[in-house]
Amino acid sequence: MVTDNEISSDCNHLLWNYKLNLTTDPKFESVAREVCKSTISEIKECTDGIDEKGYLVSCLVDHRGNITEYQCHQYITKMTAIIFSDYRLICGFMDACRNDINNLKCGSIRLAEKDAHSQGEVVSCLEKGLVKEVEENNPRMAVSDQCKKAILRVAELSSDDFHLDRHLYFACRDDRERFCENTQAGEGRVYKCLFNHKFEDAMSEKCRDALTTRQKLIAQDYKVSYSLAKSCKSDLKKYRCNVENLPRSREARLSYLLMCLESAVHRGRQVSSECQGEMLDYRRMLMEDFSLSPEIILGCRSEIEHHCSGLHRKGRTLHCLMKVVRGEKGNVGSNCQQSLQTLIQEADPGADYRIDRALNEACESVIQTACKHIRAGDPMILSCLMEHLYTEKMVEECEHRLLELQYFISRDWKLDPVLYRKCQGDASRLCHTHGWNETSEMIPPGAIFSCLYRHAYRTEEQGRRLSRECRAEVQRILHQRALDVKLDPALQDKCMIDLGKWCSEKTETGQELECLQDHLDDLVADCKDIVGNLTELESEDIQIEALLMRACEPIIQTFCHEVADNQIDSGDLMECLIQNKHQKEMNEKCAVGVTHFQLLQMKDFRFSYKFKMACKEDVLKLCANIKKKVDVVICLSTTVRNDTLQDGKEHRVSMKCRKQLRVEELEMTEDIRLEPDLYETCKNDIKSYCQNVAYGNAQ
């Protein structure tokens with residue numbers, strides 16, 4: 001076999017002219033007309049400009065994916081290989097990119113040597129220039145629109161056979177043999193195989209760089225991926241994801257395609273399994289490598305430099321940035337947080353945990369033990385992991401990755417696919433939401449969940465309640481949020497100052513919310529409202545307090561299982577726990593939690609759900625402007641006593657309130673701390689005379 005170096009310069013020049021004439025020589029045009037006669041008549045684009053010199057062969061190369069005639073396909077495949085060996089043979093490419101080649105100094109790469117390798121370097125240089133322009137957002141580095149189209153078109157035409165991407169082919173020859181020896185070339189299979197091995201330790205750096213550049217081009221135009229464009233072609237048309245009135249640069253972006261098709265899936269529409277498989281691969285690709293998202297590079301540049309440098313592989317940089325946003329590694333800019341939030345919606349790991357490789361690897365052992373009953377890839381896996389947070393089955397690495405991801409999922413209700421599926425009708429009816437991939441500045445994503453939970457706990461008299469299945473999902477989310485204040489966006493936002501002021505040393509699980517509740521009277525107004533509303537909600541459905549429920553599980557199973565099984569709690573479970581607080585089976589953690597809640601109830605009568613529901617009208621009429629529960633009880637009790645002493649006088653306190661009042665009075669006598677004024681007055685005497693007597697049980 002003769003090598004390039006053995007060919008004389010004269011022969012080399014003759015070969016160059018021969019190749020240059022291939023696409024324009026009338027002889028080759030006539031061969032194409034003869035061999036591809038029936039194909040030409042079928043491809044309208046190739047008949048429109050058939051008289052233009054050199055047009056026919058280039059057009060058939062462009063549309064070779066539509067050629068079914070065997071002889072024509074073979075001829076055009078051979079022509080394609082020749083044309084792609086030198087960028088100057090690609091019809092129109094040189095005219096479109098001449099100035100850009102000079103501006104980016106791409107023409108300086110050994111152009112005097114006409115070897116195939118150097119010619120691939122010119123296209124590669126232009127591709128890197130296009131990618132850099134997007135990442136740097138620098139107008140001085142701009143690639144002209146016509147060259148941009150030509151670059152992406154060349155990348156698209158080489159998408160089925162990796163031999164046609166000359167730079168990548170030479171950079172990855174050895175890696176192809178190492179990782180993809182048995183993968184047949186064609187239909188983009190070798191690209192896909194190499195993408196899957198990109199972060200293997202044995203992958204060469206030059207091949208990894210070439211693959212990353214190609215992935216970045218796919219992010220700019222999905223058609224650069226042969227398999228994705230082919231598998232999703234009919235679905236894109238069916239769900240109008242490539243409508244004509246959109247700017248080509250927007251609709252071609254991988255993120256737009258993913259969001260549009262994911263929206264169809266989340267609405268319950270049928271998207272082909274082949275297309276969904278391709279989408280899964282590319283969503284995983286976006287989560288694995290932050291550099292494929294220009295918004296992350298632009299928005300998070302300083303955060304990456306200061307906190308997350310050197311963590312490029314397998315999604316580690318993204319999770320490091322998530323950790324920074326959660327406030328665990330310093331401050332973060334709003335641009336970076338928004339860029340991450342957008343990426344999480346594009347990749348949609350909430351729908352399938354396997355998309356997030358860092359989470360998948362960290363949590364594999366937990367999934368195998370705690371969640372093995374759930375099908376792999378099911379969105380309920382994430383919920384299962386949350387249920388086992390802070391239990392003996394959870395491992396530390398999984399806990400960190402899970403909370404980092406959940407931080408973002410909790411800030412947009414659409415990113416929890418089960419919640420979205422069960423509640424999209426209710427959200428549209430009650431909260432005026434838009435489609436899955438549409439946003440509204442009037443209604444930020446975080447406001448939708450707040451709207452849903454306001455309607456979840458309405459009484460029938462208040463009207464417009466949630467459907468049963470949506471309410472169950474809202475309760476599930478509330479149970480999860482109770483595990484970490486950072487998973488409640490409104491609470492973290494409004495209580496940031498108070499958390500720092502009162503609760504900076506409370507770092508154990510669940511302590512931050514308890515601390516805020518303990519300092520309720522000291523909180524700023526907005527924080528006080530949110531903590532008060534959440535506490536009021538807990539009084540109706542104490543199962544929101546997941547950590548307390550775990551501590552009290554034995555008592556619930558023994559004494560309260562009937563009320564615990566009720567779909568609607570209405571305060572029955574907490575009442576049962578209070579009644580059984582002094583049973584010998586009661587453990588210390590549960591007793592402390594129940595007592596804490598009782599003490600909390602003293603701060604505001606709204607925090608006692610049954611008392612509030614039974615007596616709210618009586619309180620408004622007879623004890624207006626009184627807030628503390630103990631004062632409300634005294635006010636109502638005094639009214640009942642006075643009405644009883646005055647024979648014949650009709651009771652002003654309703655019968656249902658009087659019944660509940662007896663329960664509250666009895667509970668308050670159980671522990672002196674439940675009567676704060678009495679406790680404050682007697683505190684010193686308790687220390688002097690009763691220091692060895694335990695609180696509770698009226699002792």
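Buried means under 20% relative accessible area.

**Figure 1. Overview of the predicted chain.** By that cut-off, 52% of the 699 residues of the chain count as buried. The secondary structure comprises 39 helices and zero strands. Take the contacts between residues at least 6 apart in sequence: 61% of these join residues at least 24 apart.

**Figure 2. Close-up of helix H22 crossing helix H24.** H22 spans residues 357-370, and H24 spans residues 396-409. Their axes come within 8 Å and cross at roughly 130 degrees. H22 is therefore oblique to H24, since the angle falls outside the roughly antiparallel range, over 145, and the roughly perpendicular range, 65 to 115. The crossing is left-handed.

**Figure 3. Close-up of the residues joining H22 and H24.** From H22, the contact is made by Ala 358, Leu 359, Ala 362, Cys 363 and Val 366. H24 contributes Glu 397, Cys 398, Arg 401, Leu 402 and Leu 405. Eight of the contact residues are nonpolar and two are charged. No polar residue takes part in this contact.

**Figure 4. Close-up of Lys 230 in helix H13.** H13 covers residues 226-231. Lys 230 has 47% relative accessibility, so Lys 230 counts as partly exposed. The side chain of Lys 230 makes a polar contact with the side chain of Glu 187, at 3.3 Å.

**Figure 5. Close-up of Lys 230 and Cys 275.** These two residues lie 45 residues apart along the chain. Their C-alpha atoms are separated by 8.5 Å.

Technical notes: Residues are numbered from 1 along each chain as its sequence is written. This is a predicted model: local features need pLDDT of at least 70, side-chain atom pairs count only at pLDDT 80 or more; totals for chains, interfaces and linings use all residues. Side-chain values use heavy atoms; hydrogens and water are left out. Axes are lines fitted to C-alpha atoms, for helices over the stretch in contact, and angles run from 0 to 180 degrees between N-to-C directions. Helices (H or I, at least four residues) and strands (E, at least two) are DSSP runs, numbered from the N terminus. Angles under 35 degrees count as roughly parallel, over 145 as roughly antiparallel, 65 to 115 as roughly perpendicular and the rest as oblique. A crossing is left-handed if the near helix is turned anticlockwise from the far one by less than a right angle, and right-handed if clockwise. Contact means heavy atoms within 4.5 Å. Ala, Val, Leu, Ile, Met, Phe, Trp, Tyr, Cys and Pro count as nonpolar, Asp, Glu, Lys and Arg as charged, and the others, Gly among them, as polar. Buried means under 20% relative accessible area, exposed over 50%, partly exposed in between (1.4 Å probe, protein chains only). A polar contact is a pair of N or O atoms within 3.5 Å; within protein, one must be able to donate a hydrogen and the other to accept it, and residues adjacent in sequence count only if both atoms are side-chain atoms.
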